[in-house]
Amino acid sequence: MLQIKNLHTIAVDDGSAILKGLDLNIKKGEIHVIMGPNGSGKSTLANTIFANPRYEITDGSIIFEGKNINDLDTTKRARLGMFLSFQSPVELPGVSVANFLKTAKNNMTGEKINLYNFAKETNELMKKLHIPSDALDRDLNVGFSGGEKKKMEMLQLLTLNPKLAILDETDSGLDVDAIKIVRDGIKMYKNSDNAVLIITHSTKILEGLDIDYVHVLVNGKIVKTGDSSLALEIDKNGYKDYLG
Amino acid sequence: MAKTQVSIDTNIYNIKAKDESILKTYGLTEQVVREISKLKGEPDWILDIRLKGLKLFYELENPTWGPDLSMLHIEEIATYVKPNSNMERSWEDIPDEIKNTFDRLGIPEAEKKSLAGVGAQFDSEMVYHNLEEELKSKGVIYCNFDEAIFKYPELFKKYFMKAVPINDHKYIALHYALFSGGSFIYIPKGVKLDMPLQSYFRLNAPGAGQFEHTLIIVEDDASLEFIEGCSAPGYNDLNLHAGCVELFVGKNAYLRFSTIENWSRNMLNLNTKKCIVDAHGKIEWITGSFGSKISMLYPLSILNGEGATCEYTGISFAGKGQNLDTGLKVVLNAPKTNLFVDSKSISKDGGICTFRSNVDVMKNAHKANLALSCESLMLDSESKSDTIPFNDIRVDDITFSHEATIGKISDEMIFYLMSRGLDEEEAKALIVRGFAEPISKSFPVEYAVEMNRLINLELEGTIG
Amino acid sequence: MEYILNKSKVRTTEHAKINDLHLDLDIPKITNFSNFNVSGIDYKEYDSNEFESRIGLILPKSHNLDIDVTKDGDISISYDIDNILVDNININVAKNINTNITIKYTSTKDIYHISKLNLNIDTSSKVIVNYVNLISRNSKSFIAIESNVLGNLEVNLIDMGGNTKVNNYYSNIVGEQAKSTLNNIYIAKDNDVVDMNYYVGLTNRNDEGYINVSGVLDDNAHKNFKGIIDFIKGSSKSIGKELEKVTLLSDTSITKSLPVLLCHEEDVEGAHGVSTGKIDNDKLFYMMSRGITYKEALILIIKSDFDIALNKLTDKEKEEIENIIEERI
């Protein structure tokens with residue numbers, strides 16, 4: 001579904017090289033995890049896959065469902081069926097959760113949604129995620145706690161139901177609640193037709209998930225790939241074996 | 001980023017009714033003023049006011065601050081334009097040309113749905129006023145301003161010119177020389193209206209001026225919501241709006257005065273508004289300014305009674321060639337008076353938004369409470385957004401806070417929204433509507449929808 | 001003779017009576033001046049036949065100092081005035097310099113002090129200027145400070161002397177990532193007049209400009225504050241903030257403020273805040289409940305407000321000024 005070949009990126013701000021030849025291949029039905037120490041390029045990867053203008057690809061390619069998407073902007077990539085859950089989602093004053101979900105869904109599907117059904121589905125999802133229904137009227141993420149913001153990201157994931165979900169959870173300071181929210185969100189979302197890429201620092205988020213591959217990212221490159229046992233090993237020993 | 005150009009397919013404000021006015025006077029001379037007065041059959045004391053205004057207009061100078069008004073030449077302005085219609089009580093009786101304009105602006109529809117009464121002014125004269133029968137029986141008056149001179153002379157004399165003196169500034173002098181049309185509203189003691197009254201002002205004739213006078217008296221314990229809408233089609237000639245609003249809010253009374261202003265981009269909007277508030281009364285100004293070439297508009301509230309409150313909620317949106325200099329003036333003249341200001345502005349395509357305030361806290365305003373907040377949003381670096389607040393404080397035991405911030409649409413916000421499938425233009429529009437939301441929700445729902453539509457119109461083709 | 005001084009660059013309604021300051025002044029004849037001391041740096045002294053500052057005073061004679069700072073270290077300049085001083089100090093700070101400059105004015109008699117300080121700060125330099133006005137109680141003070149900043153400048157204007165204080169600060173932040181800060185504190189009582197006309201223009205990317213003013217008004221003192229933060233086109237990603245705090249010790253003083261933000265650039269962070277009011281009664285009560293007298297408590301609170309401009313002074317200098325603050329409250 002997603003193939004990344006020899007990806008090199010620089011930060012537009014200062015021209016520094018971040019990803020230095022990264023390869024990745026994610027197939028339908030798989031859950032991949034990328035782990036790595038601080039500064040290894042984890043957040044850059046998620047942002048580059050989504051064409052954040054702060055990063056520039058200098059070499060290599062990103063291929064989604066067989067199509068090179070290097071030249072597509074963020075909107076077009078999202079509409080292909082990719083979703084990025086942000087580590088720290090922005091606040092949108094004056095934009096209610098209900099209005100935002102409706103606008104995003106309309107844009108993803110490219111057609112006017114049936115409001116009645118949509119409201120019903122949204123309410124069911126909110127129940128599952130333990131989000132009180134009055135949250136629909138609040139401004140998106142404004143004044144939300146860390147856990148509430150994560151719930152909003154998961155609500156969007158389930159509402160938009162993309163082919164590939166990328167979760168940027170690089171913050172080592174995630175609290176237990178937030179971790180559980182993201183984990184439960186992934187479980188609700190995952191099926192044999194879609195795929196998940198979790199980019200993280202800690203293994204807590206992976207508990208109870210059926211992980212197919214774990215990759216270790218160091219200094220802009222994947223230095224080791226293994227199964228879920230690799231995550232446990234890193235949990236025990238840290239990254240010192242991989243730091244050159 | 002990609003440049004998108006979206007063309008505006010319809011702009012209902014721009015529909016021009018054929019200029020079928022039956023009388024038009026140009027310029028400003030004693031003869032013109034006498035002519036207008038004679039036509040209206042006014043008493044002499046009104047004519048005297050007009051002549052005094054005329055004299056003062058030529059004596060007073062343009063303001064030494066704010067936008068440059070030197071482009072205005074009064075001799076080129078049609079100072080009085082009588083439409084081909086008399087005052088009508090029934091919508092059906094209004095001539096088609098005028099009726100169609102208001103129909104397309106949605107005025108009669110709004111009346112059916114959500115208003116207690118409606119007035120409509122076309123050029124210099126009101127063409128329609130209607131009020132629910134039930135309110136009439138409670139003593140509520142809602143009529144053409146000129147008519148009030150004859151029908152309610154005591155009330156008229158008691159309040160007319162009592163809030164806004166003739167020598168306040170050059171353009172109020174002009175107003176008093178030429179005033180015509182407008183609404184007169186009287187809400188008796190204790191009467192509370194559940195639904196708003198609305199007057200709609202339409203300036204149709206090219207190169208014309210509109211000088212309507214609106215006088216609203218809300219007696220003790222009464223309450224009213226009044227909405228005025230203003231629009232004009234675009235012509236090349238300069239239009240002038242120098243209206244006047246005088247409001248009197250009694251003890252424990254409440255008045256919400258909402259304005260949606262979408263004058264065309266050739267309008268000089270030099271309106272004067274003033275409200276005098278008695279003890280525990282409250283005036284709420286809600287203002288959405290979208291149109292005009294130049295606006296200079298600072299509603300003044302004088303809080304004369306203990307515990308009186310002024311709340312100001314305003315948004316202005318300046319696009320290409322627009323200079324919107326707006327804000328408010330307040331005099332806190334009694335203990336425990338309150339002022340709450342929430343002002344927002346959006347500038348784009350070289351438009352200039354200025355927030356200007358003048359707050360006087362007088363010696364006796366002990367324990368007054370003031371909170372002002374101004375936010376401006378710049379959509380590009382061609383535009384300008386200035387904040388010029390003035391405060392003069394003469395008492396020590398008040399609570400006063402003033403914040404001004406310049407907002408921006410951050411790259412992070414755009415990226416987040418694009419990752420959810422919105423394109424850049426939609427993302428910007430969503431953020432701008434969000435910025436305006438606290439103000440648009442102060443309007444009745446039809447007007448909030450209208451305001452969002454205006455914002456969308458303004459934003460089309462914004463991305464560069 | 002009546003002078004019209006300190007004209008605001010941004011005009012507002014004449015009714016506000018804040019655009020210009022009208023003052024009746026009787027300026028004495030300007031004589032030669034030699035009662036000053038400079039330490040820590042070489043200087044060039046000369047007389048000039050014309051003086052003009054942004055305050056609007058044009059005078060026929062002035063005492064001038066030129067100082068080029070090319071090495072790190074502390075510089076101290078002091079003047080003791082006995083009748084009138086019209087001085088013009090030009091300080092040019094070269095690249096990569098770290099310096100702390102204290103300029104102090106004192107007088108024992110009531111005098112006129114009319115001065116202009118020009119500061120040119122080159123890239124990567126960090127300069128702190130402590131400008132200390134300690135002239136006598138009924139003196140008149142006209143301080144104009146102008147700066148062109150490529151590096152980082154902090155001016156602490158400690159304005160304690162005189163019954164008439166007319167101040168002008170005009171800072172052009174011209175470099176990228178340059179920073180200019182003005183911290184101003186004052187006390188005014190009796191029938192004192194304080195007129196402040198401050199401008200900070202941000203012209204380049206990532207600039208920072210700050211105006212912080214904190215003052216105490218007592219009796220019938222009259223204060224005008226005109227502050228402008230100007231985001232000029234090109235100043236994207238810059239930050240500009242102005243904060244004015246006024247503590248009122250009487251309800252007969254007059255406090256007028258015009259804190260202006262001008263913005264001609266989209267991606268900037270600008271803010272202003274004004275806070276005006278009496279000393280917090282809860283704070284006073286709390287301290288008094290711990291056995292502190294009303295006066296001591298008042299002084300403690302004011303000193304903490306004033307610390308923004310005092311914290312770059314040496315302990316000895318700070319103590320001297322804090323003693324004066326206690327005296328004047």
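How many cavities of 30 Å³ or more does a search of the whole structure find? The search finds 7 of them, and since the model you have open is a predicted one, everything on this tour describes that prediction.

**Stop 1: the chains**

Begin by colouring the model by chain. There are 2 pairs of chains that touch, and the pair with the most contacts is that of chains B and C. If you then show chains A and C alone, you will find that no contact joins chain A and chain C, and that their closest C-alpha atoms lie 13 Å apart.

**Stop 2: a sheet of 4 strands in chain A**

Select β2, β1, β4 and β5 of chain A, which form, in that order, an open sheet with antiparallel pairing. At the edges of this sheet stand β2 (17-26) and β5 (67-68) of chain A, and because each has a single partner strand, one side of each is left without a neighbour in the sheet. Now restrict the view to β1 (residues 2-11) and β4 (residues 55-64) of chain A, two strands that pair in the antiparallel sense over 8 bridges. To follow one of the residues across, pick Ile10(A), whose bridge partner in β4(A) is Glu56(A). Add helix α1 (residues 42-49) of chain A, which lies across β1, β2 and β4 of chain A and runs at about 110° to β1(A).

**Stop 3: a sheet of 6 strands in chain A**

Next select β6, β7, β8, β3, β9 and β10 of chain A, which make up, in that order, an open sheet with mixed pairing. The edge positions here belong to β6 (82-85) and β10 (221-226) of chain A, each with a single partner strand, so that one side of each is left without a neighbour in the sheet. On average, and with direction ignored, neighbouring strands of this sheet are turned by 20° against each other.

Within this sheet, look at β3 (residues 31-35) and β9 (residues 213-218) of chain A, which pair in the parallel sense over 4 bridges. Met35(A) has Val216(A) as its bridge partner in β9(A). Helix α7 (residues 228-237) of chain A can be shown with these strands, for it lies across β3, β9 and β10 of chain A and runs at about 45° to β9(A).

**Stop 4: two helices of chain A**

Two packed helices are described by the angle between their axes and the distance between the axes. Select helix α3 (residues 97-109) and helix α5 (residues 146-160) of chain A, whose axes come within 10 Å and cross at roughly 35°, in a crossing that is right-handed. With side chains shown, the residues of α3(A) that meet α5(A) are Val97(A), Phe100(A), Leu101(A), Ala104(A), Lys105(A) and Met108(A), and on the α5(A) side they face Met152(A), Leu155(A), Gln156(A), Thr159(A) and Leu160(A). By class, this contact has 8 nonpolar, 2 polar and 1 charged residues.

**Stop 5: the largest cavity**

Move to chain B, where the largest cavity holds about 120 Å³ of space. Of its 17 lining residues, Tyr312(B), Ser316(B), Thr326(B), Gly327(B) and Ser343(B) are the closest to its centre. The elements of chain B that give two or more residues to this lining are β16 (282-289), β19 (309-318), β20 (323-332), β21 (338-347) and β22 (352-361), and β19(B) gives the most, with 4 residues. Coloured by class, the lining has 6 nonpolar, 9 polar and 2 charged residues.

**Stop 6: the two largest pockets**

Which residues are the closest to the centre of the largest pocket? Select Pro53(A), Ser410(B), Asp411(B), Glu412(B) and Lys237(C), which hold that place among the 38 residues of the lining; the space in this pocket is about 1200 Å³. At least two residues each come from α1 of chain A and from α9 (411-419) and α10 (424-440) of chain B, with α9(B) giving the most, 5 residues. The lining has 14 nonpolar, 10 polar and 14 charged residues.

Finish at the second largest pocket, with a volume of about 830 Å³. The closest to its centre, of 34 lining residues, are Trp65(B), Asp168(B), His169(B), Lys329(B) and Thr13(C). The elements that give this lining two or more residues are α8 (170-178), β15 (272-277), β17 (294-297), β20 and β22 of chain B, and by class the lining has 14 nonpolar, 9 polar and 11 charged residues.

Methods:
Residues are numbered from 1 along each chain as its sequence is written. Chains are lettered from A and ligands numbered from 1 in the order in which they are written. This is a predicted model: local features need pLDDT of at least 70, side-chain atom pairs count only at pLDDT 80 or more; totals for chains, interfaces and linings use all residues. Side-chain values use heavy atoms; hydrogens and water are left out. On a 1 Å grid over the protein atoms alone, a cavity is a set of points where a 1.4 Å probe fits but cannot get out, and a pocket is an open set with protein on both sides within 12 Å along at least five of seven lines; lining residues have an atom within 4 Å of a point. Grid points are joined across faces, edges and corners, and a volume is the space filled by probe spheres set on the points. Ala, Val, Leu, Ile, Met, Phe, Trp, Tyr, Cys and Pro count as nonpolar, Asp, Glu, Lys and Arg as charged, and the others, Gly among them, as polar. Two strands pair if DSSP finds at least two bridges between them. Contact means heavy atoms within 4.5 Å. Axes are lines fitted to C-alpha atoms, for helices over the stretch in contact, and angles run from 0 to 180 degrees between N-to-C directions. A crossing is left-handed if the near helix is turned anticlockwise from the far one by less than a right angle, and right-handed if clockwise.
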